[in-house]
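Thank you all for coming; I would like to walk you through one structure this morning, taking a strand and its neighbours to begin with and a pair of helices after that. Please have a look at it on the screen before I go on.

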Amino acid sequence: MPSSTFQRFRSFVSGQVELSRALTQAVQDRPLNPYPYLRPIIERASGVREPPISPTPHTVVYTRGSMRLLRYAAPHRRWRTPILFSYSLINRWYILDFLPGRSLIEYLTHEGFDVYVIDWGVPGPEQQHLTWGELLGDLVRQSVRWTLRSSGSDELTLYGYCMGGTVALAYSSLYPDGIRNFVAQATPVDFSHGGIYSLWTQPQNFDVDSLVDAYGNVPSRVLESGFIAAAPVQRLTRWLDVCRHIDDPEYVTTFLAMERWGADAVPFPGEVYRQYIKDCYQQNLFCQGRMEVGGERVELGRIRASLLNIIAEQDTIALPPMSEPLPKLVGSPDSQTVRFPVGHIGLSASSKSPTKVWPAIASWIAARSRPMES
């Protein structure tokens, strides 16, 4: 047997043994995400190393408990109106700053925008009693104030993504001052159209009180189990797919970055989760103007900011019918809905986004922002 053939054969056998050991350990530990076990194998087989998270340079403007307000300054700022991102409380913000050349935040800074992001952090015991009133009236409100102060502007574009968009809409209803534009990206408002998630969370199927009372903050593994159950086969097949593309460094880099982000879910503040499930998924109060925060109703008709409603046509998390009613619910005289043939995460991480999605978003925001000279 030639030496090169023998070396390949030995490497193959060694890899199979290593893979078997990793899978055996994963089964014993029973994690919901196999990433920590399989990542080293993919790295060695491909020669690709795990890419860094949030590669775009940024500074911390403000902190409050586990929350941080991050600033991504534009290399050459063109617009006085800054952008403030409100992302979901389930996953981490850095899907918005995914990879160099594949970062929505990087793209917007290069378009001349002063960009800010709320990093909710990792909730601990002190956050389990956080209410929606405190979330909006304290954390988001202070983030808005510090964004305006840091940017030297009196108005901003509030950019909500997924559940973070629901939070931002509630905030804009209760505290509309200073919100010039609102971008809702894959943001659910009508929770009666949530598909399997709406079914699972109904009171007869899901006792949210017992869950929150038992855990305090809802553990990430509990949240992740729902996403896995919604697409159990995909959970396995994507690891087979990366093996088929093991000689494609770009594919492997994207895969490792996405899996790292997916494995980095954080606990959900307990009381915020309790009201979110009850008022939104179980009673669908949000789109009816009947959800109460701090004794005041969240009425989306109070929102007068210019609205861009972004829908991912292949979204299986925030299904399009959950987002489509938004323009009719707000009081905005200037509203537009745009649709893209991508999935939920594809809006901010797809290879198509830098050319097919982000230019349209940036153009809409720019047309409604004040230039620096004004």
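**Strand β3 and its neighbours**

Let me begin with β3 and strand β5, residues 156–161, which pair in the parallel sense over four bridges, and please keep in mind throughout that what we are looking at is a predicted model. Within that pairing, Leu84 has Leu158 of β5 as its bridge partner. Strand β3 also pairs with strand β4, residues 115–119, and here again the two run parallel and are joined by four bridges, with Leu84 standing opposite Tyr116 of β4.

Are the two faces of β3 buried or exposed? Strand β3 covers residues 83–86, and both of its faces are covered, since Ile83 and Phe85 on one side, and Leu84 and Ser86 on the other, are all buried. As for the path of the chain, β3, helix α3, which spans residues 104–110, and β4 make up a right-handed β-α-β unit.

**Helices α4 and α5**

Turning now to the helices, α4, residues 132–151, packs against α5, residues 163–174, at an angle of about 85 degrees, and their axes are 10 Å apart. Because angles of 65 to 115 degrees count as roughly perpendicular, that is the description that applies to α4 and α5. On the α4 side the contact is made by Trp132, Leu135, Leu136, Val140, Arg141 and Val144, while α5 contributes Met163, Val167, Ala170, Tyr171 and Leu174. Sorted by character, the residues of this contact between α4 and α5 comprise 10 nonpolar, no polar and one charged.

Methods: Residues numbered from 1 in each chain as written. Predicted model: local features only at pLDDT ≥ 70, side-chain atom pairs only at ≥ 80, totals over all residues. Heavy atoms only, no water. Axes fitted to C-alpha atoms, helices over the stretch in contact; angles between N-to-C directions. Parallel < 35°, antiparallel > 145°, perpendicular 65-115°, else oblique. Contact = heavy atoms within 4.5 Å. Nonpolar A, V, L, I, M, F, W, Y, C, P; charged D, E, K, R; others polar. Buried < 20%, exposed > 50% of the residue type's maximum accessible area, 1.4 Å probe, protein only. Pairing = 2+ DSSP bridges. Right-handed = clockwise from strand over helix to strand, strands pointing away.
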